[in-house]
Amino acid sequence: MYRALLIAATAAALVIGGAAPATASPPSSVPGAPTSVRVTGTADHAVVSWHGPRSGARVTGWKVVLAPVHRAHSAHRAHSAHSAHHGGTQTDRLPARARSDRFDGLRAQRTYRLSVRALGHRGAGRVVSVRWTAPDAQPVAQSLYALDASGAVVRFPTSGAGTPTTVTADGTGYAADPAGSVYTPSADLTTIVEHPAGGGAARTRASGLHLTADLRSDGTGNLYWADAVSGAIEQLPVGARAARTVLDLGGPAVGPDQRFWTVTPGGRVVVLGGSTTSPYVKGTGVAARSVTMPGSNGVGYPAAVLADDHGDVFVDIRSPGAAGSWVWYELRPGESALTGIEPRLAFEYAAANADGFSLLQSAGWCAAPAEYPISHTGCNVDRSVPEKLVVGPGGTSTTPVSGLTAGSRGPNTGAADAHGDVFVDVDSGPTPGLWRVPAEGGAARQLSAAQYSRLSVS
């Protein structure tokens with residue numbers, strides 16, 4: 001379901017170096033060489049581990065260095081203030097208790113030298129170096145993530161087969177990366193906590209932040225959030241400990257400005273904001289512009305936004321009257337007028353991936369007053385979902401769907417994987433629960449009869 005298996009690497013060479021015997025400090029004045037030095041890793045990161053020296057002076061710290069063997073193919077890694085970068089070389093100084101170090105942002109099939117040296121009060125011990133080649137990147141099957149009713153993050157196989165697993169019990173505002181790690185904001189919204197893909201203790205990913213309880217991620221694992229003070233969209237790149245601003249929105253939302261935002265697999269950030277009469281779209285790789293309806297009609301209440309990696313933005317608008325309709329429109333690159341894409345008014349579910357937008361609509365629909373207790377007729381329409389509408393670079397297409405019946409009104413945003421499978425949660429009616437609708441259409445499959453929210457695919 002996700003890549004949790006680290007690819008162990010065999011050291012191609014083990015080199016022990018240091019000062020020549022004639023000039024070296026007496027053996028007892030500096031620490032000895034580290035022992036059992038080994039490297040494990042994947043295509044984009046390496047972990048070097050070691051044991052302490054068998055002899056020598058007391059260890060006060062460690063110096064760990066990663067250097068590309070071929071300088072022309074240097075690695076790039078954003079690291080802490082204790083790291084030095086010289087032509088791709090990365091240097092960490094760690095406390096005496098450390099027995100491992102991780103280097104991110106490496107390149108597949110590149111060879112690196114990882115060196116470990118013990119530090120003492122009177123000097124450094126001998127260096128132990130290991131040559132290691134990062135393996136090829138392995139295809140990673142995507143997973144579906146969702147919050148259950150208790151607020152726990154649950155991982156489902158996107159294939160629809162297999163047993164779901166609970167990643168963390170406190171997942172409010174979570175995001176997940178392609179490797180299967182899950183990230184959550186701390187209770188005081190200052191720290192991003194990482195829950196490793198392979199299990200084990202949670203650890204701090206970054207701190208000193210102004211988070212909102214709404215983390216997002218792109219297809220490579222970069223993390224995003226809206227800064228609670230500035231209102232800007234911030235990014236924490238893979239391997240970095242310091243955030244950077246990727247979209248300045250001129251301050252936090254005030255008054256009638258209601259903001260909705262999304263991040264595409266390719267890392268495009270798109271924000272839908274504004275009021276019922278003057279909505280706008282801003283983003284990275286998306287031209288900032290006001291949004292209008294076709295013709296002279298008003299717009300309505302902005303309610304949700306999705307986007308693909310081709311520059312298309314999909315906007316959900318709630319009607320300003322009592323009808324209770326939520327309608328999705330397409331905002332094409334370079335255009336400001338919304339284009340209608342829905343065959344009919346309906347109870348509906350939407351999702352997007354890198355290549356386009358998917359919409360599941362009920363066969364029938366009624367205005368909201370027909371559902372009120374005072375209604376004599378009631379909303380006795382056909383809420384079964386007969387097809388899946390797809391809007392992509394090749395145009396619009398539909399495929400038949402069966403086995404799914406819509407529940408309540410709303411934008412009801414779900415999630416879509418890279419293949420085009422769509423995942424939605426139905427809150428009421430004859431088919432409540434979490435569902436998978438295959439990319440090719442056909443029979444929907446229920447993943448769980450329980451209720452889930454905040455669906456995402458990584």
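**Exercises on Cores and Salt Bridges**

Leaving aside neighbours within four places in sequence, valine 64 is in contact (heavy atoms within 4.5 Å) with Val48, Trp50, Gln90, Thr91, Asp92, Leu94, Asp101, Phe103, Ser115 and Val116. The model is predicted: local features need pLDDT of at least 70, side-chain atom pairs count only at pLDDT 80 or more, and totals for chains, interfaces and linings use all residues. Residues are numbered from 1 along each chain as its sequence is written, and side-chain values use heavy atoms, with hydrogens and water left out.

**Exercise 1.** Determine the secondary-structure content of the protein chain and its share of buried residues.

*Solution.*
- Step 1. Helices (H or I, at least four residues) and strands (E, at least two) are taken as DSSP runs, numbered from the N terminus. The chain has zero helices and 39 strands.
- Step 2. Buried means under 20% relative accessible area, exposed over 50%, and partly exposed in between (1.4 Å probe, protein chains only). Of the 458 residues, 50% are buried.

**Exercise 2.** Identify the residues with the most contacts inside the largest nonpolar core, and the strands that contribute to this core.

*Solution.*
- Step 1. A nonpolar core is a set of buried Ala, Val, Leu, Ile, Met, Phe, Trp, Tyr and Cys residues joined through side-chain atoms within 4.5 Å.
- Step 2. The largest such core has 22 residues, and Val48, Trp50, Trp62, Val64, Leu114 and Trp132 have the most contacts inside it.
- Step 3. Two or more residues each come from strands E3 (35-41), E4 (45-51), E5 (61-68), E9 (111-120) and E10 (123-133). Strand E9 gives the largest share, four residues.
- Step 4. Another core, of 17 residues, lies apart from this one; Phe347, Ala351, Val422 and Ala444 are among its members.

**Exercise 3.** Explain which parts of the chain are tied together by the salt bridge of aspartate 214 with arginine 454.

*Solution.*
- Step 1. A salt bridge requires a side-chain nitrogen of Lys or Arg within 4 Å of a carboxyl oxygen of Asp or Glu. In this pair, the closest N and O atoms are 2.3 Å apart.
- Step 2. Aspartate 214 lies in the loop between strands E17 (203-206) and E18 (216-217), and arginine 454 in strand E39 (residues 453-457), so the pair ties together parts 240 residues apart in sequence.
- Step 3. Aspartate 214 is buried, at 17% relative accessible area, whereas arginine 454 is partly exposed, at 27%.
- Step 4. Asp214, Arg216 and Arg454 are linked in a network of salt bridges. The structure holds nine salt bridges.
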